[in-house]
Amino acid sequence: MQDNTANKANGYNRNLYRNPKRGPLAGVCTGLAEYFEIPVWVARLIAISLFIFVSQLFVIAYIAGIFLLAKRPASQSSTRRQPHHDNGLFHYQKPASERLRDIHERLQALDKKLRGMEGYVTSKKYQFNREINDL
């Protein structure tokens, strides 16, 4: 019979480990980045910012992370998806030009919906429906 209780050894049943192989200081930032599926540099930037602004609290939290998070087992690989494009420090799934094109298309679709709503709200049909609902 297998014990499924959440504990340090099984990553609290959430695949939450520290990864010292990829991190210079016990791998807490790397493990949290893998868990939240964010780039490691973002987790490290957050950690540095916290160290600058609330250094005592950050040091306590980091040390707690070292003791509360188990090392990632060698047999278990990270569940984080590997990036398709490696642009040095930044790891994204798509190149910037494709992401910009997607954002542009989404903004155009949003603009079309907004024009449709504005057209309805300023129409006589809206006024008529509002008067009917007020009865």
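Is Arg72 buried or exposed, and what is its relative accessible area? In this predicted model, Arg72 is buried, with a relative accessible area of 12%, a value that falls under the 20% cut-off for burial. Its surroundings are described below, after an outline of the fold.

The protein contains 5 helices and 2 strands, which follow one another along the sequence in the pattern α-α-α-β-β-α-α. Of the 135 residues in the protein, 19% are buried, and the accessible surface amounts to about 10,800 Å², with 62% of that area belonging to carbon and sulfur atoms. When contacts between residues at least 6 apart in sequence are considered, 42% of them join residues at least 24 apart.

A search of the whole structure finds 3 salt bridges. Side chains of opposite charge can pair when their charged atoms come close, and Arg22, Glu34 and Arg72 are linked in a network of such salt bridges. Within this network, the side chains of Glu34 and Arg22 meet with an N to O distance of 2.9 Å; because Glu34 lies in helix α1 and Arg22 in the segment before α1, the pair ties together parts that are 12 residues apart in sequence. Arg72 also forms a salt bridge with Glu34, the closest N and O atoms being 3.1 Å apart, and this pair links distant parts of the chain, with Arg72 in the loop between α3 (55–68) and β1 (85–87) and Glu34 in helix α1, 38 residues away. Glu34 is buried, with a relative accessible area of 4%, and Arg72 is likewise buried, at 12%, whereas Arg22 is partly exposed, at 47%.

Another salt bridge joins the side chains of Asp111 and Arg115, with an N to O distance of 2.9 Å. Both Asp111 and Arg115 lie in helix α4 (residues 96–121), where they are 4 residues apart, or about one turn of the helix. Asp111 counts as partly exposed, at 37% relative accessibility.

The backbone was also examined for unusual phi values. Most residues other than glycine have a negative phi. Ala26, although not a glycine, has a positive phi of about 70 degrees; Ala26 is found in the segment before α1 (28–36) and, at 22% relative accessibility, counts as partly exposed. Glu37, also a residue other than glycine, has a positive phi near 55 degrees. Glu37 is placed in the loop between α1 and α2 (40–53), and with a relative accessibility of 48% it counts as partly exposed.

Notes: Residues numbered from 1 in each chain as written. Predicted model: local features only at pLDDT ≥ 70, side-chain atom pairs only at ≥ 80, totals over all residues. Heavy atoms only, no water. Buried < 20%, exposed > 50% of the residue type's maximum accessible area, 1.4 Å probe, protein only. Contact = heavy atoms within 4.5 Å. Areas by Shrake-Rupley, 256 points an atom, 1.4 Å probe, with all protein chains shown as cover. Salt bridge = Lys/Arg side-chain N within 4 Å of Asp/Glu carboxyl O.
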